[in-house]
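Got your viewer open? Let's take a short walk around a binding site, one selection at a time.

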Amino acid sequence: MVKAKIVLLPGDGIGPEIVAQAARVLLAIGQKFGHDFQCEEHLIGGIAIDTHGDPLPAATIAACKASDAVLLGAVGGPKWDDPTAKTRPEAGLLGIRKAMGLFANLRPIQTYPELVDASPLKREIVEGTDILFFRELTGGIYFGPSGRTTKNGIEEAYATEVYSVPEVERIVRLAAAAARNRRGRVTSVDKANVLEPSRLWRQVAARVMKNEFPDVGYDVVLVDSMAMHLISRPRDFDVVVTSNMFGDILTDEASMLPGSLGMLPSASIGADGPGLYEPIHGSAPDIAGKGIANPLATILAAAMMLRYSLRQESEALAIESAVKRVLASGARTQDICRGGPSISTIVMTDRVLQELG
Ligand code: IPM
Ligand code: MG
């Protein structure tokens, strides 16, 4: 039996709806396997700005650090989009990643046979795609020196990409270790033909792979051609490791391969300590409060939490196979129904719970 303290950060938009449903699944799996999961809710994002004037209140950071794992919904929405605002919901997300030292963002892109026809790409291209992205999450241009200056009366803005050797080493090591349990192939993505931090990245990645992972296949692809390869031959990639910003962009692109953003979970982990788990999709303000959001990405994020933070592989697999069976039975939320009948957020979760038994 495992006792675990789980912090829930519902956030904005559809966040509260989907996190509530994933929490039901977590509690059910705890009961089924005899664990004691305690869930505790805290504020992040726009709702935290509205109530505390701060997208990441100190109490939220403290609770997350004291937990075994964190489940996050989504942050942001048009209400907080004013570019001149003092602070933004997204600052809460970036802040919690940094505060918890979550330097690796794992984004699995897997296709489900039943949903392949919902992909904007042809079945023969996407079918069988199975990629695990390792996006660096606490460095690069997101966190380098940035600001505004005025030179000769002309206003400028700048953001700087900085990477250190240890920052590259640790993410490449995680990616390569993961490849050993998969198809044994790592692709590192950079822009080494133009950017100095990319040249450092490429150098360090090559050394780590050669010295520490000689058994793992390794190649390098420039980010612009990767954007192309991802939609022309996605099946050729196993583990992909890349910087914060390239990872942000490429994973959104890749998320279209399986057909719906509503299916994709992600895990953010550090060297030790709790990890943070969330769906890849955002707060979807257009459908917030309607009860129609797809809860499966968040439910699958809860499965990743069980796997990576609580070390409960069987429990994680139980959730993942329940989701597969629910899809195979034809259950669809609106985002994946392709004009056919659809069910609500809650009913979809009920179906997963039924499958879990
Ligand atoms: C993501 C999001 C975030 C990011 C935003 C909301 C700050 O796009 O998790 O991919 O850019 O990292
Ligand atoms: Mg993104």
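Here is the tour, starting at the ligand and working outward. Bear in mind that this is a predicted model.

**Stop 1: the ligand.** Select ligand 1 and switch on a surface for the protein. Ligand 1 sits in the second largest pocket.

**Stop 2: its neighbours.** Now show side chains for Glu-90, Leu-93, Arg-97, Arg-107, Arg-135, Tyr-142 and Asp-248, the residues around ligand 1. Colour them by class and you get 5 charged and 2 nonpolar residues, with no polar ones.

**Stop 3: the arginines.** Which side chains should you draw distances to? Try Arg-97 to begin with: an N or O atom of its side chain is 2.7 Å from an oxygen atom of ligand 1. Go on to Arg-135, where the corresponding side-chain distance to a ligand oxygen is 2.8 Å. Then pick Arg-107, whose side chain has an N or O atom 2.9 Å from an oxygen of ligand 1. Taken on its own, ligand 1 has 320 Å² of accessible area, and the protein covers 76% of that.

**Stop 4: helix 4.** Highlight residues 89-99, which make up helix 4. With 3 residues, this helix supplies the largest share of the shell around ligand 1.

**Stop 5: the two domains.** Zoom out and colour domain 1 (1-120 + 261-357) and domain 2 (130-256) separately. Why does ligand 1 lie between them? Both domains give residues to its shell, so that is where it ends up.

Conventions:
Residues are numbered from 1 along each chain as its sequence is written. Chains are lettered from A and ligands numbered from 1 in the order in which they are written. This is a predicted model: local features need pLDDT of at least 70, side-chain atom pairs count only at pLDDT 80 or more; totals for chains, interfaces and linings use all residues. Side-chain values use heavy atoms; hydrogens and water are left out. A residue is near a molecule or strand if one of its heavy atoms lies within 4 Å of it. A polar contact is a pair of N or O atoms within 3.5 Å; within protein, one must be able to donate a hydrogen and the other to accept it, and residues adjacent in sequence count only if both atoms are side-chain atoms. Accessible areas come from the Shrake-Rupley method with a 1.4 Å probe; for residues, only the protein chains shown count as cover. On a 1 Å grid over the protein atoms alone, a cavity is a set of points where a 1.4 Å probe fits but cannot get out, and a pocket is an open set with protein on both sides within 12 Å along at least five of seven lines; lining residues have an atom within 4 Å of a point. A molecule sits in a cavity or pocket if more than half of its atoms lie within 2 Å of its grid points. Helices (H or I, at least four residues) and strands (E, at least two) are DSSP runs, numbered from the N terminus. Ala, Val, Leu, Ile, Met, Phe, Trp, Tyr, Cys and Pro count as nonpolar, Asp, Glu, Lys and Arg as charged, and the others, Gly among them, as polar. Domain bounds come from an automatic or database domain assignment.
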